[in-house]
Amino acid sequence: RTVVDAFGVHVEVRVRGDRADEVLDRLPRLWEFCAAPVGATGEVTAEVVFDSDPQAWAQAGAVGAVSRPDLEDLLQVLTQRITLSAIDARAGECLMLHAACIADPATGAAAAFVAPGGTGKTTLVSTLGPGRW
């Protein structure tokens with residue numbers, strides 16, 4: 001179990017399965033900038049099953065838990081689940097945009113690109129950003 005702070009929402013990540021330690025070892029580094037305060041409890045929960053048994057994956061999926069046979073795939077889907085859980089929890093409270101941004105670290109000047117998913121925002125900032133600002 002670990003708790004991350006996503007958009008001000010404490011998301012408790014509960015991990016089980018015979019490979020759970022692999023997930024729990026990676027989470028702190030992946031979410032280091034979103035660490036919840038020590039002792040924080042989750043407002044919402046993300047269930048995760050990381051197990052070497054394919055039947056465990058099927059059972060986990062049937063109850064809505066995140067489960068994949070590959071650790072990198074699982075962590076990607078878990079990131080999406082945490083993010084969507086936080087967005088759902090904050091709906092009606094915040095203006096949220098699906099965007100990418102590049103910024104000048106010296107001045108703070110920034111350009112944000114807002115568009116639907118899959119339209120090239122990440123590619124755009126990855127191409128424009130390095131060495132240009």
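The following exercises, each with a worked solution, concern a predicted model.

**Exercise 1. Cysteines**

Determine how many disulfides the structure contains, and explain the result for Cys 94.

*Solution.* A disulfide is a covalent bond between the sulfur atoms of two cysteines. The criterion applied here is a pair of cysteine sulfur atoms within 2.5 Å. For Cys 94, the closest cysteine sulfur belongs to Cys 34 and lies 14 Å away, which is too far for a bond. Cys 101 is likewise in no disulfide, since the nearest cysteine sulfur, again that of Cys 34, is at 16 Å. A search of the whole structure accordingly returns zero disulfides. As to their surroundings, Cys 94 is partly exposed at 36% relative accessible area, and Cys 101 is partly exposed at 47%.

**Exercise 2. A salt-bridge network**

Identify the salt-bridge partners of Glu 12 and the network to which this residue belongs.

*Solution.* Begin with Arg 1, whose side chain meets that of Glu 12 in a salt bridge with an N to O distance of 3.2 Å. Arg 1 lies in the segment before β1 and Glu 12 in strand β2, so this pair ties together parts eleven residues apart in sequence. Next, Glu 12 forms a salt bridge with Arg 14, with the closest N and O atoms 3.0 Å apart. Salt bridges with shared partners then join Arg 1, Glu 12, Arg 14 and Glu 47 into one network. Finally, compare accessibility: Glu 12 is buried at 9%, Arg 14 is partly exposed at 38%, and Arg 1 is exposed at 53%. The structure has six salt bridges; one of them pairs Glu 93 with Arg 90 at 2.8 Å, N to O.

**Exercise 3. The nonpolar core**

Describe the largest nonpolar core and state which element gives the most to it.

*Solution.* The core comprises 21 residues, and Val 23, Leu 78 and Ile 82 have the most contacts inside it. Two or more residues each come from β1 (2–6), β2 (9–16), α1 (20–30), β3 (44–49) and α3. Of these, α3 gives the most, with seven residues. Ile 82 touches Val 4, Ala 6, Val 11, Val 13 and Trp 31, leaving aside residues up to four places away in sequence.

**Exercise 4. A loop residue**

Decide whether Ala 65 is buried or exposed, and list what it touches.

*Solution.* Ala 65 lies in the loop between α2 (54–62) and α3 (71–90). Its relative accessible area is 9%, and because buried means under 20%, Ala 65 is buried. Beyond residues up to four places away in sequence, Ala 65 touches Glu 47, Val 48, Val 49, Ala 60 and Arg 81.

Key
Residues are numbered from 1 along each chain as its sequence is written. This is a predicted model: local features need pLDDT of at least 70, side-chain atom pairs count only at pLDDT 80 or more; totals for chains, interfaces and linings use all residues. Side-chain values use heavy atoms; hydrogens and water are left out. Buried means under 20% relative accessible area, exposed over 50%, partly exposed in between (1.4 Å probe, protein chains only). Helices (H or I, at least four residues) and strands (E, at least two) are DSSP runs, numbered from the N terminus. Contact means heavy atoms within 4.5 Å. A nonpolar core is a set of buried Ala, Val, Leu, Ile, Met, Phe, Trp, Tyr and Cys residues joined through side-chain atoms within 4.5 Å. A salt bridge is a side-chain nitrogen of Lys or Arg within 4 Å of a carboxyl oxygen of Asp or Glu.
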